[in-house]
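Here's a quick briefing on side-chain contacts, one sheet and a few surface spots. Have a look at the model first, then go through the notes by topic.

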Amino acid sequence: MASVLSRGGYQVSAFDLDAAKVAQVVEAGALSVSQDQVANNADLLFVMVATGAQLESVLFGPGGVAKFMAPGSVVIITATVGVEVAVGCAERLGKLGIGLVDAPVSGGVARADAGDLLFMVSGSSSDKAKAMPLILLMAREVADFGEIPGDAQKAKLVNQLLCGVHIAVAGEALAFAESLGLDAGQCWSALRGGAATSFMFEDRGRRMVEGPQEIVRSALGLFVKDLGLVTAEAAAHSLGTPLASAALGLFAQGRDEGHEREDDSVVIEISRRQLPRT
């Protein structure tokens with residue numbers, strides 16, 4: 001995402017704990033800086049992390065960048081951090097005169113590199129207006145969910161419910177095919193052209209039939225986090241989520257078995273052990 005902005009002509013100052021990732025964006029024209037420096041003179045600060053706790057640490061923890069930001073600047077949260085965290089950060093930043101655009105994304109690594117992400121956004125019209133030219137460089141589509149930070153997180157949780165269930169059922173379906181004595185790859189190839197397909201069946205299904213992935217495009221542990229946010233938010237609104245809860249159980253089992261940092265397509269291994277073979 002930072003590389004897309006840099007290639008689009010913006011001066012990007014980048015920080016990440018992973019030096020290899022910083023090196024990639026430097027190749028695209030960005031400037032590598034320390035965490036303390038990343039917000040200096042920045043009109044807009046995009047934060048892409050894994051968890052709400054990480055977001056709060058980046059902004060307000062030791063070495064947190066919020067204290068270096070000027071009034072009138074805007075933080076754009078592009079991660080899935082949950083409603084409560086987004087609302088809380090907006091309130092704390094607002095007291096410093098800093099705006100917040102809640103803007104979680106969907107699409108994965110390849111689409112991020114192509115500037116082809118789906119952005120779900122919410123926040124004040126003035127804050128969104130400042131961020132939108134840069135968001136549009138990174139986006140295939142932008143869905144505006146209004147003026148309230150946190151509402152875009154709600155939309156992203158709906159997205160993650162669907163994605164998590166689709167990944168889990170793709171693994172179960174392909175393991176089911178194998179248990180029937182069929183070739184999972186042939187089934188995947190045939191069914192991806194019919195009514196039963198989905199993006200996750202197309203994308204993760206391919207990885208499942210290819211076998212263990214050396215390159216991790218989406219870690220299994222992220223769906224433990226995201227589906228945990230989904231089920232907690234649903235419970236807070238007195239809604240049962242049996243399918244999301246079942247999918248969460250599969251991902252949590254994978255985490256407990258040591259697969260947390262592996263590609264989430266590894267969830268098929270759990271289904272393979274649970275389905276009887278002919």
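Asp151 and Lys154 sit three residues apart in helix α7, so about one helical turn separates them. Their side chains meet in a salt bridge, 3.3 Å from N to O; a salt bridge here is a side-chain nitrogen of Lys or Arg within 4 Å of a carboxyl oxygen of Asp or Glu. Keep in mind that this is a predicted model, where local features need pLDDT of at least 70 and side-chain atom pairs count only at pLDDT 80 or more, while totals for chains, interfaces and linings use all residues. Residues are numbered from 1 along each chain as its sequence is written, and side-chain values use heavy atoms, with hydrogens and water left out.

**Salt bridges**

- The structure holds 16 salt bridges. As a reminder, side chains of opposite charge can pair when their charged atoms come close.
- Back in helix α7 (helices are DSSP runs of H or I with at least four residues, strands are runs of E with at least two, both numbered from the N terminus), Asp151 is partly exposed at 21% relative accessible area. Its partner Lys154 is partly exposed too, at 39%. The cut-offs are under 20% for buried, over 50% for exposed and in between for partly exposed, with a 1.4 Å probe and protein chains only.
- Asp264 and Arg204 form another salt bridge, with the closest N and O atoms 2.6 Å apart. This pair links distant parts of the chain, 60 residues apart: Asp264 is in the loop between α11 and α12 (267-274), and Arg204 is in helix α9 (residues 199-210).
- Asp264 is buried, with a relative accessible area of 0%, and Arg204 counts as buried at 6%.
- Asp264 and Arg204 also belong to a network of salt bridges that links Asp203, Arg204, Arg207, Asp263 and Asp264.
- Asp256 pairs with Arg255 through a salt bridge of 3.0 Å, N to O. Asp256 is exposed at 58% relative accessible area, whereas Arg255 is partly exposed at 33%.
- You'll find Asp256 in helix α11 (residues 242-259). The C-alpha atoms of Asp256 and Gly221 are 9.9 Å apart in space, with the two positions 35 residues apart in sequence.

**Rings**

- There's one aromatic pair in the structure. Phe223 and Phe251 make up this pair, which is stacked, at 5.4 Å centre to centre and 20 degrees between the planes.
- Phe223 lies in helix α10 (residues 220-236) and Phe251 in helix α11, so the pair ties together parts that are 28 residues apart in sequence.
- For the pair cut-offs, the ring centres of Phe, Tyr or Trp (its six-membered ring) must lie within 6.5 Å; planes under 30 degrees apart are stacked, over 60 edge-to-face, and the rest tilted.
- Both Phe223 and Phe251 are buried.
- The charged end of Arg92 sits over the ring of Phe60, 3.9 Å from the ring centre. That label needs NZ of Lys or CZ of Arg within 6 Å of the ring centre and within 35 degrees of the ring normal.

**The three-stranded sheet**

- Three strands make an open sheet with mixed pairing, in the order β6-β7-β8. Strands count as paired if DSSP finds at least two bridges between them.
- The edges are β6 (105-106) and β8 (139-144), each pairing on one side only.
- Strand β7 (residues 117-121) pairs with β8 in the parallel sense over five bridges, and Met120 stands opposite Ala143 in β8.
- β6 and β7 run antiparallel and are joined by two bridges; Ser106 has Leu118 in β7 as its bridge partner.
- Five of the five residues of β7 are buried, so this strand is largely enclosed by the rest of the structure. Leu117, Phe119 and Val121 point one way from β7, with Leu118 and Met120 pointing the other way.

**Loops**

- Leu182 is in the loop between α7 (151-179) and α8 (184-191), and is partly exposed at 45% relative accessible area.
- Gly29 is in the loop between α2 (19-27) and β2 (31-32). Gly29 counts as partly exposed at 47% relative accessibility.
- Gly29 and Gly9 are 20 residues apart along the chain, and 8.9 Å separates their C-alpha atoms.
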